[in-house]
Amino acid sequence: MGLLLPCKESRKEEGWCLIIMQFTLFLGLVLPLAYCICEVPRPNILYLYVDDLGWGSIGPNGQYERRDQGLPYVLTPNLDRLAKAGVNFRRGYGCTVCSPARSSQQTGFHQGYTFADRNDPDNAKKAIRAEDVTMGDALSKAGYVTGYWGKWGYGGSKDMQNPTIDNLQTLPTSHGYQFVVAELHHVRAHTFFQPTLWNAPAKAGSIGGLELKPNSMRKFLNNKSYPNYPAFQNHPKYPKPAYCDDVYAFACLDFVRSQATQYNRTGKPFFGLFAAQIPHAPFAEVQKLPNWDIDYKEKTYFTKLSPQSQQWCAMVTRIDAHFGNILRALEDPNGDGDESDSVADDTLVVFQSDNGGPSGENREQLDANGGLLGSKGSIYEGGIRVPTIIRWPDKITRESKLKAGSNSELILDCSDLLPTFCELAGAAIPLGVSGVSLAPSLTGEGKQRIRDFLIHETKGQASIIRSRYKFIRPKHEPNGSRKRKPSSKKDGKDPDKWQLYDLHADAAEVNNLVKERPQLVRELNDLLTSERVDEPVGFANTYHDWRGGSAHGALHAASNWTEYRYENDEITYMEEKGSPKLSWCGAINLGDSALASKDTSFLALKVAGSLTIQQDAQVNARNELRVMEKGCVNLAGGSLFSQRWVEVQTGGMLSGHGQIHAALYNSGSLVLDPENPLLIHGPVHLSGSLRVEKAERKRNLDKFVVLKAESIVGKFTNAEVSFSGKSYSIEYTSKEITLIVR
Ligand SMILES: [Ca+2]
Ligand SMILES: [Ca+2]
């Protein structure tokens with residue numbers, strides 16, 4: 001008989017306590033035996049997302065300074081408190097516009113690979129695909145209760161009165177989100193007063209598990225458990241339909257209260273994403289709300305601002321207040337004033353905007369983009385750099401490496417959050433994603449993998465940011481010709497010109513260093529091109545499974561792989577077949593075997609079966625090669641390439657000899673060759689185990705090198721290796737592993 005009990009008291013220090021009570025009949029007595037098996041605790045995740053809020057629109061990114069200088073400023077007291085208790089990532093990035101930002105955020109792929117790679121009125125019909133693994137998919141599969149409120153932007157029509165579901169596979173409910181109040185078409189989100197919103201759970205038989213319900217505050221009216229600020233929903237002039245962000249906010253508040261209570265009771269964590277429509281246009285609608293400018297009554301500068309700036313300020317402060325109510329619910333879920341039920345310490349809170357602030361009066365009068373060049377839609381920092389805050393009191397403290405209350409220059413892209421959440425939730429990171437998990441940086445534990453570069457696209461331009469440098473150039477046709485007539489000069493720059501900026505020294509992108517740094521420009525240009533930014537509209541990665549069975553068929557042969565097709569409503573948007581390509585995410589599944597006898601490339605390759613790479617053959621898995629539990633990659637003299645890494649997971653195996661041009665992360669087993677060391681042109685991070693095997697022995701081996709690398713960090717868990725009837729100790733230097741007979 002087993003009993004699973006969460007143990008709130010000890011959770012913070014020791015993690016989960018699994019108390020298994022066993023009752024055993026012994027000498028006529030019932031003896032209870034208790035075991036405590038502690039696991040790593042999993043945080044709740046609350047993701048607060050806003051639409052079009054410029055980088056400079058929060059206290060620590062410039063508004064404090066404006067206040068101190070007596071200039072007009074926007075009030076964000078709750079976000080500022082969040083930053084003080086957490087970390088303000090001054091180099092947080094979104095995309096240039098809404099649709100690719102949400103697509104990148106949800107799928108973890110940058111614009112070169114995510115299907116909704118630009119704003120397209122048709123994205124509602126053809127964005128996120130069935131095979132894409134979103135945050136909702138990954139976290140619900142990992143046992144999280146999931147919620148989404150706000151602008152989703154895909155899957156439904158734009159009809160205001162009678163919208164329809166247009167693509168089942170792109171809905172939030174098809175991607176793991178259980179509790180939903182959402183807008184499915186971005187054009188319908190061009191008002192805050194839509195008559196209806198899509199809701200889940202829905203009544204049985206609802207298409208896509210979503211049901212249209214009135215956009216209404218009715219159930220929150222005159223109810224003391226719902227704060228009357230900032231919505232003033234009890235005011236006689238509160239409009240019908242409601243201001244949609246008020247409805248999203250209260251739905252999110254309900255979820256946080258009930259799921260936090262549930263978390264205390266059962267330990268089941270939650271993930272909620274509140275994607276507010278604020279402060280996107282139309283600005284003026286906010287003036288229809290009672291007390292719309294109440295927060296600025298005492299501010300003498302307010303009346304001197306233009307109407308548009310006033311509306312913008314009111315919108316931003318309004319959503320900030322909603323966030324305040326929701327954050328308060330983390331501290332006191334049952335609302336009784338006693339914080340003993342707080343889950344705030346165990347909850348990772350992320351705040352972020354999707355893209356930079358638009359041009360307009362608020363940008364000028366309140367410096368909403370914080371002095372950065374460009375605005376929404378632009379490839380310059382003002383278009384893509386977004387306010388980003390992370391708070392997690394359990395892990396981010398005054399003493400931790402990443403300090404609470406600090407500004408961080410660590411680059412954080414919207415595509416990094418999916419893998420980060422997955423790692424924190426103990427879920428598998430979707431294969432091949434562009435984003436890199438920042439969990440090691442947030443927890444201070446484990447090895448932070450390198451986020452090598454960021455990619456952004458606009459209609460005519462593409463950029464790559466690597467560390468402090470940013471290279472921008474026009475897009476090209478695959479044959480090298482200019483893709484389109486350059487758009488007119490924007491932001492004072494010629495879009496046809498190649499540009500290189502040092503963002504550390506020149507965040508405003510003034511000094512073009514192209515002439516000074518030709519070598520770096522060539523390097524970044526090559527990288528940018530190979531990240532497939534010049535591909536056609538709607539180009540994306542595709543998913544393929546090995547169907548060659550266990551017969552060691554050729555890895556490069558088209559007939560051994562499944563084809564990929566993206567279709568909806570009898571329209572085929574994408575078809576991909578033939579031999580593996582750099583845009584493929586391939587999977588060799590358990591029990592299957594493939595043989596690489598020719599050079600073959602993938603975006604990513606997962607091996608849960610077996611793959612043998614012959615002498616002189618190369619397998620390139622650009623973003624990652626992942627050897628899964630029970631999977632085996634056998635290098636029979638061949639080579640493995642990756643822009644990033646080869647990972648051997650626990651229970652997986654990498655054997656043989658050859659070359660690896662990538663970082664190697666091993667937590668499985670390496671089975672190496674005593675006569676031919678494995679050569680790794682990159683760093684090696686070791687745990688897992690080492691074995692040595694080879695059938696024919698040509699010489700007497702008392703001491704031999706089994707692995708050479710650029711650098712070696714960590715050790716195998718075994719201290720010695722038995723081979724050919726002898727016992728060897730493992731000796732490590734920073735570049736070699738040698739076995740010495742004992
Ligand atoms: Ca936006
Ligand atoms: Ca309480």
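**A tour from the domains to helix 10**

The C-alpha centres of domain 2 and domain 3 lie 32 Å apart. Select these two domains to begin; the model that contains them is predicted. Their contact draws 9 residues from domain 2 and 9 residues from domain 3. On the domain 2 side, the residues that touch domain 3 comprise 4 nonpolar, 3 polar and 2 charged ones.

Next, colour the chain by its domain assignment: domain 1 covers 1-39, domain 2 covers 47-396, domain 3 covers 459-530 and domain 4 covers 547-741.

Now display the whole chain as a cartoon, in which 12 helices and 36 strands may be found. Its C-alpha atoms fill a box of roughly 90 × 85 × 55 Å along the principal axes. The radius of gyration is 27 Å, which agrees with the value near 27 Å that a compact globule of 742 residues would have. Buried residues make up 51% of the chain. Of the contacts with a separation of 6 or more, 57% join residues 24 or more positions apart.

Then select residues 417-425, which form helix 10. This helix is mostly covered, with 8 of its 9 residues buried. Show the side chains of Leu417, Leu418, Pro419, Thr420, Phe421, Cys422, Leu424 and Ala425, which are the buried ones.

To view their surroundings, add strand 3 (44-50), helix 4 (98-107), helix 5 (135-141), strand 11 (347-353) and helix 11 (439-443); the buried residues of helix 10 pack against these elements.

Finally, select glycine 426, which follows helix 10 and has a positive phi, near 70°.

Definitions and conventions: Residues are numbered from 1 along each chain as its sequence is written. Chains are lettered from A and ligands numbered from 1 in the order in which they are written. This is a predicted model: local features need pLDDT of at least 70, side-chain atom pairs count only at pLDDT 80 or more; totals for chains, interfaces and linings use all residues. A residue is buried if 20 or more other C-beta atoms lie within 10 Å of its own, exposed if 12 or fewer, and partly exposed in between; C-beta atoms are placed from the backbone. Helices (H or I, at least four residues) and strands (E, at least two) are DSSP runs, numbered from the N terminus. Two residues are in contact if their C-beta atoms, placed from the backbone, lie within 7 Å. The radius of gyration is taken over C-alpha atoms; the globule rule is 2.2 Å times the number of residues to the power 0.38. Domain bounds come from an automatic or database domain assignment. Ala, Val, Leu, Ile, Met, Phe, Trp, Tyr, Cys and Pro count as nonpolar, Asp, Glu, Lys and Arg as charged, and the others, Gly among them, as polar.
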